[in-house]
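Here are my notes on this one, written with the model open in the viewer. I've kept them as numbered points so you can check each against the coordinates.

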Amino acid sequence: MASGAGLQAQDGRGFLDNDADTVESRVTLESINKRKSIHSSIASNYAARWGPVEAFRELVQNWRDAIIKSFDIAEGDFHVVRQENENEILYTATKSGPDQESEANQMCLGYIRWSVQNGAGTVEISNRQTTLEPWHLDMGGTSKRNDTTQAGVHGEGLKVALLVLLRKPQNHAVRCHSGGFSWTFDFTNQRRFVACLTKMSPTAITKAYDRAKNDVTHSRLPIAINPSEDVQFFIGSSTKGRDENGHPTQRDQVTREQFKQWTKAALFLQDIDEGMTIRTKDGDLLIDSDFSGNIYLKGLLLKESSPDRSASRTGKKLKYGYNFANGITNRERESVASADDESRAILAIWNQVLLSNKHLVGKFHGLLNSEEPEYADVARAEVFIHMESRDYLKNYLLEELEGMWFFAVKEKSQNPRFDQILEGLGHRPYELRDSYWNIVRATGFRTAKEEEQKQFLAADTVTIPEDEFSQSVHRLIRAGLESCRLTRGVNVIFVNAGRLELDSFYSEPQRLFKIHQKWLTIKGAKEELGFTSKILMSSLMLNVAKRLLADAITQLSSRHFPHDQPRPRQWYRKQAITEGDQRILENAQIKQDFEYIVKRHKEFDLLKVKWNTNTGLTSESQIAFQFHRESTCAHFKDILITRDIPSHMPCCIRTTNSRPIQTCWEGTFPFGHGTCEVRVKRGEKYFAMLSNKSDRDSFVILSGKPHITEAVDRPTLVLNDGVDTYKLGAEIESLDIMTPRDWFDGTNSIGTKAVVGIPKNSASQKRPASDDDYTGREAKIRRLQ
């Protein structure tokens, strides 16, 4: 409604046909000599959406507010008593409670009555000890502004209410007695609202008062209204007037059914079941289905829901009715000022209701979790709900729905593992609307993923078994994390997480990567990876390490990856996973054909390592190889990647001497060499370390248990000290070994003699031995060892 329309006043008798308007200052009854016509500039179609209920509400509001102010009573002390018979319906305002009707006559503060007078249904609205002034009809002419006990503040309500009752389809006559004046309301022939005030003579006042006292005697009326001291409106007498188009019309009476419909405008005029009304300091919750969907302010109807229209400003359906204790209406008096104000008011009522009626938490829960319809009762609840209400909801869910796991649709859609997680947690799912979930989440509720992680983090640490598979998996995942700059220094532990389906969890604040113990066994790893057929243990370890390393890097916060580069952060995450996978693969390929052999001789041990040069690294890749004594350097086994190997190890020598060493040994050569061996002190335990010097983040490869064999040492051929030494002689004539020539013989350490060559037949030479002389002799020279 526009607030700029003003009121104009004019003296004169024929106000129905006189359209001359003059602007004056505020008009009072004292300033009127006999009569005055007060013309308004607002047209008859003003407030087109208002009907008789809205108009009657304004009159009832003024009636109730005037009583509270005139008698200076608290709002809570205002009560209405209803009485009814065939020709009369009477509402009496009293200061006492409704259970003290015997004192109603003495305590009556005003009344509203429908009755049949002169054959026509008429409504009377009567206030004691108050006066209506002409300026009360002015736009903005209200005394209620900043008065929290009064429901109306805009000022034009009285005039608009009278205008609505005058126009069709209502078409009711409206007049008033107040301040010793008779007030008559109508339209001009220019479709403008007009009020005519005529000063009543003392005789007229006396007659009116006498009729009122007589009426008290012959009806249920408790008091007689005095035109000089009180205010009394009459609606519905059969008189003539002008309709909203300025045409003459015969006014209509107010029927009983119409009046009953009008009384919906105020809760205190309704026959409401107190057992279905929960009153609080912030307002009332109306559970009675007859009032569902209605919104009231201080007992006055703001708007009534219909099947195709909600009374809520949100446009959503209201499940219950509400009577707000406080609030400011919009200009049309159809609602509170905003949708947020409406939500705050409703949730404040519910909070008070739950404080003293905990059995109603279930109803509140139903409102919040209703998807279709989505109720206006809890619109914006996640923003405006009270802390106490949240706690009541939390207790209700945990106690009444014990064993359920509460989740939001959004959570399930974003977590493909949701069903698996719940199975591991041992709970049944219970879906909450996203807005409801946000409310209870503030009380400490966790998502399924968060609960799984919480239990996982609380799980007990397990000791790594000593078997090859467990130890290798442990070493591989640690090496993978060390090789990535983002996870370097992260501690790795395995935990007994029971039925939980979570494979691993990375705690960034603790720099801790926890892994489910199921990955430490061949059976558990095969089940998790989905392998049903036989698989090499080395291949299984490869797949386990790649899976767990990818899990760890995936759990890293995106902020750790570059963001000012041409590629997106996700690309750098994938790059870290790919690099780790490649190093794991290289490690697996080298280890697969890696042999460590110890050949035990009488005086020394020969350590030998062999590998397949066609897998793992390129032939040109430079590798560092070290043999370390277990007794002094076992701690080097904890080195995981090449960068952590000290550049200089005092324990190592680089000798190529064939004599056995008694320390550690190191050497560097191409990967394509394929083998490495060294002699060491017999009986000393050694382990081997291979590292790729071409990649400082490559994994250090350790030898496993060596394959030990005992060597058979054979005799070594040595020359006798007394054997003649010969110089190179003349050129021989023939290569025929049987041709006689100079010869020599030698004897080894055990007396075996070897003869080379056939002596010539000369006196100076010894006689050549016969064939029999060579019988049983060894003529074979052994290779030196």
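**Notes on the cavities, pockets and folds**

1. Let's start inside. Helix H17 is the top contributor to the lining of the largest cavity, giving four residues. Keep in mind throughout that this is a predicted model.

2. How big is the largest cavity? Its volume is about 80 Å³. Going around the wall, you meet Arg583, Glu586, Asn587, Ile590, Leu617, Leu690, Asn692, Ser698, Phe699 and Ile701. Two elements supply two or more of the lining residues: helix H17 (569-592) and strand S30 (686-692). Sorted by class, the wall comes out as five nonpolar, three polar and two charged residues. In total, the model has two cavities of 30 Å³ or more.

3. Now the open space. The largest pocket holds about 1300 Å³. Its lining runs to 41 residues, and those nearest the pocket centre are Lys591, Leu702, Ser703, Gly704 and Lys705. If you plan to place probes or a grid box, those are the residues to have on screen.

4. Which elements build the pocket wall with two or more residues? They are H14, helix H16 (537-554), H17, strand S24 (595-600), strand S25 (604-610), S30, strand S31 (701-702) and strand S32 (707-710). H14 has the largest share, at eight residues. By class, the pocket lining has 18 nonpolar, ten polar and 13 charged residues. H17 and S30 turn up in this list, and both also give two or more residues to the lining of the largest cavity.

5. Next, a sheet. Four strands make an open sheet with mixed pairing, in the order S20-S21-S23-S22. Strand S20 (460-461) and strand S22 (504-507) sit at the edges, each pairing on one side only. S20 meets strand S21 (residues 491-496) in the antiparallel sense, over two bridges. Within that pairing, Thr461 has Val495 of S21 as its bridge partner.

6. What packs on that sheet? Helix H14 (residues 468-483) does, touching S21 and strand S23 (512-516). The direction of H14 makes about 140 degrees with that of S21. So far H14 has come up twice: here on the sheet, and above as the source of eight pocket-lining residues.

7. Have a look at helix H3 (residues 157-166) too. Ten of its ten residues are buried, so H3 is largely enclosed by the rest of the structure. That run includes a charged side chain by name, Lys159, alongside residues such as Gly157, Leu158, Val160 and Ala161. The remaining buried positions are Leu162, Leu163, Val164, Leu165 and Leu166.

8. Is Thr122 buried or exposed? Thr122 has a relative accessible area of 4%, and because the cut-off for buried is under 20%, Thr122 counts as buried. Thr122 belongs to strand S6 (residues 120-127). Leaving out residues up to four places away in sequence, Thr122 touches Arg113, Trp114, Ser115, Gln117, Ile235, Gly236, Ser237 and Val254.

9. Finally, the whole chain. The protein chain has 18 helices and 34 strands. Of its 785 residues, 48% count as buried. Among contacts between residues at least 6 apart in sequence, 65% join residues at least 24 apart.

How values were computed. Residues are numbered from 1 along each chain as its sequence is written. This is a predicted model: local features need pLDDT of at least 70, side-chain atom pairs count only at pLDDT 80 or more; totals for chains, interfaces and linings use all residues. Side-chain values use heavy atoms; hydrogens and water are left out. On a 1 Å grid over the protein atoms alone, a cavity is a set of points where a 1.4 Å probe fits but cannot get out, and a pocket is an open set with protein on both sides within 12 Å along at least five of seven lines; lining residues have an atom within 4 Å of a point. Grid points are joined across faces, edges and corners, and a volume is the space filled by probe spheres set on the points. Two strands pair if DSSP finds at least two bridges between them. Contact means heavy atoms within 4.5 Å. Axes are lines fitted to C-alpha atoms, for helices over the stretch in contact, and angles run from 0 to 180 degrees between N-to-C directions. Buried means under 20% relative accessible area, exposed over 50%, partly exposed in between (1.4 Å probe, protein chains only).
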